[in-house]
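Here are some short exercises to help you find your way around a new structure. Take a look at the model first, then work through each task at your own pace.

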Amino acid sequence: MNPALSDKLLEIRGKFVSSLPEREERLSALHAKLTEGTCTANDMDELRFIVHKIHGLAGTLGFNALGSFAANLETDVNAAIEKGGYSSALCDGVTSLIGHVQDAINT
Amino acid sequence: MRHKPATLFENTTTRCNRSLTLGRNLGARLETKKDMVGQMKILAVDDDEIILELLKEVVGAAGFPDITLVTSGAEALHTIKNSPTRFDCFLLDIQMPEMDGIELCHHIRKFPAYRSAPILMITAMADRQYIDRAFTAGASDYVTKPFDVLELGTRVNLAARLVQEHAAAEDKSFALEALRDQIETKNPVALSEEIRIDGVAGVIGKLAFENYLLQLTRGGLFGSCIVAFQVANISTIHAHSSGSDFSNTIIDIAEAISDNLRRSEFFLSYRGNGQFVAICHKVVMDTFNDLPGEISMSIRDMELVYDNGAKMDVQLVMGQPVKCGFFSSKNTLEPLYKAVDSAETAAQSLRRLPKNNGWSSKIDTIRNRLKHPSAKNVTKMEMGF
């Protein structure tokens, strides 16, 4: 890979990391709703959207663990939306994703 | 004339392994036009600005700096309509709010200028239903996120070569039109050319078909069947047809195959030289047994004739269906080539048969058997396997 592209990718990776606290905040808010059992269809859509974006970006920018975890969680969120309900396993999944996001921020 | 061939692929991409090896003729021609590749004008659509920035850098590093970035389907359509110059290639995300990338792809294909432009879907949606919807809407290629930055550059390069193929084809069309006015040519459509087929269910272009198959194998989405069909007497039909006559015959045959494949989910493609290939999902292998006879009957019922009114006899044979799951290697077109080889072998066998033992009498026999339920099943041998 040419050095100029490498530098640019590092810069974009930095931007992605900078965007993570905001995504983490939204995930935490949605997690709270999941735990309380007050998650609406719109909230589930938002959850899917955030997880999907992390899935798409993280792996490409070198955060493989975060990307893989988000990919699996996206499947679970889609299944929950299709089923029209969610289980405590989904809440646990979101908790773990938040953990992965924090790891990426700290890295 | 219902259709006119707009896309002329001659000696197009020889796609081995990762589908990135170009045929020698094309490669040589492209070398001389290398500077044109960098001028490809690209429109990238993604609602995530970080992805857009990433695309800009990756595609720019691959030699394509002319890239316009927009964040929604509506903005993309507005940009397309108001752009003073034509875009050559599109990179579309699927999952976007309001208008998703598949719907946008469908809209882009409605512009006459973009009927053949490469459209690459770049998405985290790896399920087959999304892949199928994207190719049905007219996508040329499908890249899943997370993507390898170098591979994305290569795929955009492949799209650039497609753009050049189209440009060369347009030049050729103009030249042929001019020639047609001056001299009486029997058939300006070459036998090997890919003929554009619009409006027939499940039909996609040759390159899109190969990309679709590669995408399935990359994702390990096996369990499908590939089957090829060969018009055994295509040279005779071609020699006796005018250009539009030949194109319409190919479209009619595609229609007959498509109609008879409808019991399964499928994509069909015409590869030139009288060769069709289909990929079928969720299909029981036994259902293929009667397929060649049924398709041949559909063709015969169309009562195809040449321009001069003479009856056209279309001898279509089907090769052995090839299950994709039989191949452990990913990212190859091996099952496709195996299916195509099988159809070619079947066609060669048919050509070797004596005339009085030929295709028409076989069809009559099969037709009679199908009319009488007590008759025994049509066997593979009879269908030219």
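**Exercise 1: A pair of helices in chain B**

Task: Describe how α4(B) and α5(B) are arranged, and state which residues make the contact.

Solution: The model is a predicted one, and we start with two of its helices. Helix α4 of chain B covers residues 73–82 and helix α5 of chain B covers residues 101–110; their axes come within 10 Å and cross at roughly 15 degrees. Angles under 35 degrees count as roughly parallel, so α4(B) is roughly parallel to α5(B). As for handedness, the crossing of these two helices is right-handed. Now look at the residues in between: α4(B) brings Gly73(B), Ala76(B), Leu77(B) and Ile80(B), while α5(B) brings Glu103(B), Leu104(B), His107(B) and Ile108(B). Sorted by class, this contact has five nonpolar, two polar and one charged residues.

**Exercise 2: Backbone details in the loops of chain B**

Task: Find the loop that holds each of Pro146(B), Asn273(B) and Glu303(B), and say what the backbone does there.

Solution: Keep a general point in mind: most residues other than glycine have a negative phi, and most peptide bonds are trans.

- Begin with Pro146(B), in the loop between β5 (141–144) and α7 (149–182) of chain B. The peptide bond that leads from Lys145(B) to Pro146(B) is cis, with omega near 0 degrees.
- Next comes Asn273(B), in the loop between β7 (265–270) and β8 (275–281) of chain B. Its phi is positive, near 55 degrees.
- Last is Glu303(B), in the loop between α11 (291–301) and β9 (316–318) of chain B. Here phi is positive too, near 50 degrees.

Task: Is Glu303(B) buried or exposed?

Solution: Count the other C-beta atoms within 10 Å: Glu303(B) has 8. A residue with 12 or fewer counts as exposed, so Glu303(B) is exposed. Asn273(B) has 16 within 10 Å and is therefore partly exposed.

**Exercise 3: Chain A and its partner**

Task: Sketch the build of chain A, then describe the side that touches chain B.

Solution: Chain A has four helices and zero strands, giving the order α-α-α-α from the N terminus on. Its C-alpha trace spans about 50 × 20 × 20 Å along the principal axes. Of its 107 residues, 37% count as buried.

Now turn to the partner: 17 residues of chain A are in contact with 14 residues of chain B. On the chain A side, α1 (3–36) and α2 (41–60) each supply at least two residues. By class, that side has six nonpolar, eight polar and three charged residues.

Technical notes
Residues numbered from 1 in each chain as written. Chains lettered and ligands numbered in written order. Predicted model: local features only at pLDDT ≥ 70, side-chain atom pairs only at ≥ 80, totals over all residues. Contact = placed C-beta atoms within 7 Å. Nonpolar A, V, L, I, M, F, W, Y, C, P; charged D, E, K, R; others polar. Buried ≥ 20, exposed ≤ 12 C-beta atoms within 10 Å, placed from the backbone. Axes fitted to C-alpha atoms, helices over the stretch in contact; angles between N-to-C directions. Parallel < 35°, antiparallel > 145°, perpendicular 65-115°, else oblique. Left-handed = near helix turned anticlockwise from the far one by under 90°.
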